[in-house]
Amino acid sequence: MKDAIDSVPAERSPAQDSYANRKLIRPSLSRNDHNHGPQSMSLPMPMNERRDRPERGDRGERNDRNGGKKNTPPEQTNAENFYYQKQMQSKTPMVVVLRDGEEIHGVIEWYDRACIKVNRTTGPNLMIYKPSIKYMYKEGENSRK
């Protein structure tokens, strides 16, 4: 008899009945607490709750793969070195035009980061600083003028 009395619900107001079948709303957790443990992985996420994205600074793995800041290009692309090597090996007669307009004819013997050495048949060999070079071209290509 006692079981029958306990199983009968007490009188409720109509306002309480409307809240009885609603889902429980989980409180939002701080960024440090969620998505970092086995508990959060096992709990299902409600469909209507928006999942927080990590801040840009928190996405360390993306910055490692070309997604973040672009890396600065290398200081030296080796294109200049390749060009000098090719001209040295084939002993191509070159014309080096300096900033003041002087033209130097000769073959590049060696190069450095700061200068090149030009062997000339008509005069002494010259070491020319790269900043003083305006441009250079192969001697047979002087049809530019």
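These are legends for a few views of a predicted model.

**View 1. The whole chain, helices and then strands.** Start here to get your bearings: the chain has five helices and five strands. Reading from the N terminus, the order is α-α-α-α-α-β-β-β-β-β, with the helices in one run and the strands following.

**View 2. Burial, surface and contacts across the chain.** How much of the chain counts as buried? Of its 145 residues, 17% do. The exposed area comes to about 13,100 Å², and carbon and sulfur atoms supply 51% of that. As for contacts with a separation of 6 or more, 35% of them involve residues 24 or more positions apart.

**View 3. Close-up of Asn 78, in the loop between H4 and H5.** Where does Asn 78 sit? Look between helix H4 (60-64) and helix H5 (79-90), in the loop that links them. Its backbone is the thing to check: Asn 78 isn't a glycine, yet its phi is positive, at about 70°. Is Asn 78 buried or partly exposed? With a relative accessible area of 46%, Asn 78 is partly exposed.

**View 4. Close-up of Lys 91, between H5 and E1.** Moving on to the loop between H5 and strand E1 (93-98), we find Lys 91. Here's another positive phi in a residue other than glycine, with Lys 91 near 50°. Lys 91 counts as exposed because its relative accessibility is 60%, and the cut-off for exposed is over 50%.

How values were computed:
Residues are numbered from 1 along each chain as its sequence is written. This is a predicted model: local features need pLDDT of at least 70, side-chain atom pairs count only at pLDDT 80 or more; totals for chains, interfaces and linings use all residues. Side-chain values use heavy atoms; hydrogens and water are left out. Helices (H or I, at least four residues) and strands (E, at least two) are DSSP runs, numbered from the N terminus. Buried means under 20% relative accessible area, exposed over 50%, partly exposed in between (1.4 Å probe, protein chains only). Contact means heavy atoms within 4.5 Å. Accessible areas come from the Shrake-Rupley method with a 1.4 Å probe; for residues, only the protein chains shown count as cover.
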